[in-house]
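Let's take a walk through this structure together, one group of side chains after another. Have a look at it first, and then we'll start with a pair of charges.

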Amino acid sequence: MNLQMLIRNNRSYRRFDANYVIDRQTLLELVDLTRYTSSARNAQPLRYFLSAEKEMNDMIFPTLAWAGYLKDWDGPSHQERPTAYIVVTADTELKGSFTMFDAGLATQSILLGAVDNGLGGCIIGAVKKEKLSEIIGLKKSLEVICVVALGKPDETVVIEEMTTDDFKYWRDEKEIHHVPKRNLKDILL
């Protein structure tokens with residue numbers, strides 16, 4: 001798959017095939033991509049916690065908030081949950097003022113790698129960070145930045161050209177997820 005197709009197929013998926021197993025080796029390969037991703041000052045402050053085990057996944061799931069614009073949806077059902085997570089943390093002893101840029105670049109690398117492997121994911125920033133830190137046993141110098149939920153996508157996501165200034169994603173009566181995107185001419189100065 002070429003880069004343009006990887007990027008176009010890299011959507012925020014929120015429903016997955018809960019029967020599709022992602023193994024730890026796949027997670028290791030995805031995180032390995034982050035080592036080659038740019039890092040501000042080359043500080044490389046990010047550390048990753050990997051989970052592909054159902055028991056741990058079941059503990060991580062309640063610490064996450066899903067799809068803030070979909071007010072009548074509490075997140076994926078048991079049959080739609082991700083089968084793996086990568087918790088992205090920052091070493092506070094190393095982090096500088098650009099840690100969030102590092103996290104954005106790293107999570108994009110993870111998701112592009114996932115798409116290249118026939119998977120999909122969602123970067124979740126709405127996290128009960130203290131609770132998650134406790135669950136996964138993080139030392140005090142590590143701060144949760146976000147969680148990448150991963151799995152085999154089990155939903156249809158449609159990209160639409162934005163015709164108004166309403167950028168909120170939504171689902172129609174058939175549960176198809178619609179994501180408006182600004183036109184190229186509208187983002188150029």
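Begin with Asp58 and Lys54, whose side chains meet in a salt bridge at 2.8 Å, N to O. Keep in mind that you're looking at a predicted model. Both Asp58 and Lys54 belong to helix 3, where they sit four residues apart, or about one turn of the helix. Are these two buried or exposed? Asp58 is partly exposed, because its relative accessible area is 33%, while Lys54 comes out at 55% and counts as exposed. In general, side chains of opposite charge can pair when their charged atoms come close.

Helix 5 has a pair of its own. Here Lys131 forms a salt bridge with Glu134, and their closest N and O atoms are 3.9 Å apart. These two are three residues apart in the helix, so about one helical turn separates them. Lys131 is partly exposed at 44% relative accessibility, and Glu134 is exposed at 59%.

Now for a bridge that reaches further along the chain. How many salt bridges does the structure hold? There are eight, and one of them joins Arg15 to Glu175, with 2.8 Å between the closest N and O atoms. Arg15 is in the loop between helix 1 (3-9) and helix 2 (24-34), and Glu175 is in the loop between strand 6 and strand 7 (177-181), so this pair ties together parts 160 residues apart in sequence. Arg15 is buried, with a relative accessible area of just 9%, whereas Glu175 is partly exposed at 38%. Add Glu80 and you have a network: Arg15, Glu80 and Glu175 are linked by salt bridges.

Charges also turn up over rings. The charged end of Arg81 sits over the ring of Phe61, 3.6 Å from its centre. Lys152 lies over the face of Tyr20, at 5.4 Å from the ring centre.

What about rings meeting rings? The count comes to four aromatic pairs. One of them is Tyr69 with Phe167, a tilted pair with 6.4 Å from centre to centre and 55° between the planes. It links distant parts of the chain, 98 residues apart: Tyr69 is in the loop between helix 3 and strand 2, and Phe167 is in the loop between strand 5 (157-161) and strand 6 (170-171). Tyr69 also pairs with Tyr169, again tilted, at 4.8 Å centre to centre and 55° between the planes. Since Tyr169 lies in the loop between strand 5 and strand 6, this pair ties together parts that are 100 residues apart in sequence. Tyr69 is partly exposed at 36%, Phe167 is partly exposed at 45%, and Tyr169 is buried at 16%. Ring pairs link Tyr69, Phe167 and Tyr169 into a cluster.

Finally, head for the inside. The largest nonpolar core has 23 residues, and those with the most contacts inside it are Leu64, Trp66, Tyr85, Ile124, Val127, Leu132 and Val147. Two or more residues each come from helix 3 (54-60), strand 2 (84-91), strand 3 (120-124), helix 5 (129-136) and strand 4 (142-151). Strand 4 gives the most, with three residues. For a closer view, pick Ile124: leaving aside residues up to four places away in sequence, Ile124 touches Leu64, Ala65, Trp66, Cys146, Val147 and Ala149. There is also a second, separate core of 20 residues, including Leu30, Ile145, Cys146 and Leu150.

Definitions and conventions
Residues numbered from 1 in each chain as written. Predicted model: local features only at pLDDT ≥ 70, side-chain atom pairs only at ≥ 80, totals over all residues. Heavy atoms only, no water. Core = buried A, V, L, I, M, F, W, Y, C linked by side-chain atoms within 4.5 Å. Buried < 20%, exposed > 50% of the residue type's maximum accessible area, 1.4 Å probe, protein only. Contact = heavy atoms within 4.5 Å. Phe/Tyr/Trp six-rings, centres within 6.5 Å; stacked < 30°, edge-to-face > 60°. Lys NZ or Arg CZ within 6 Å of the ring centre and 35° of its normal. Salt bridge = Lys/Arg side-chain N within 4 Å of Asp/Glu carboxyl O.
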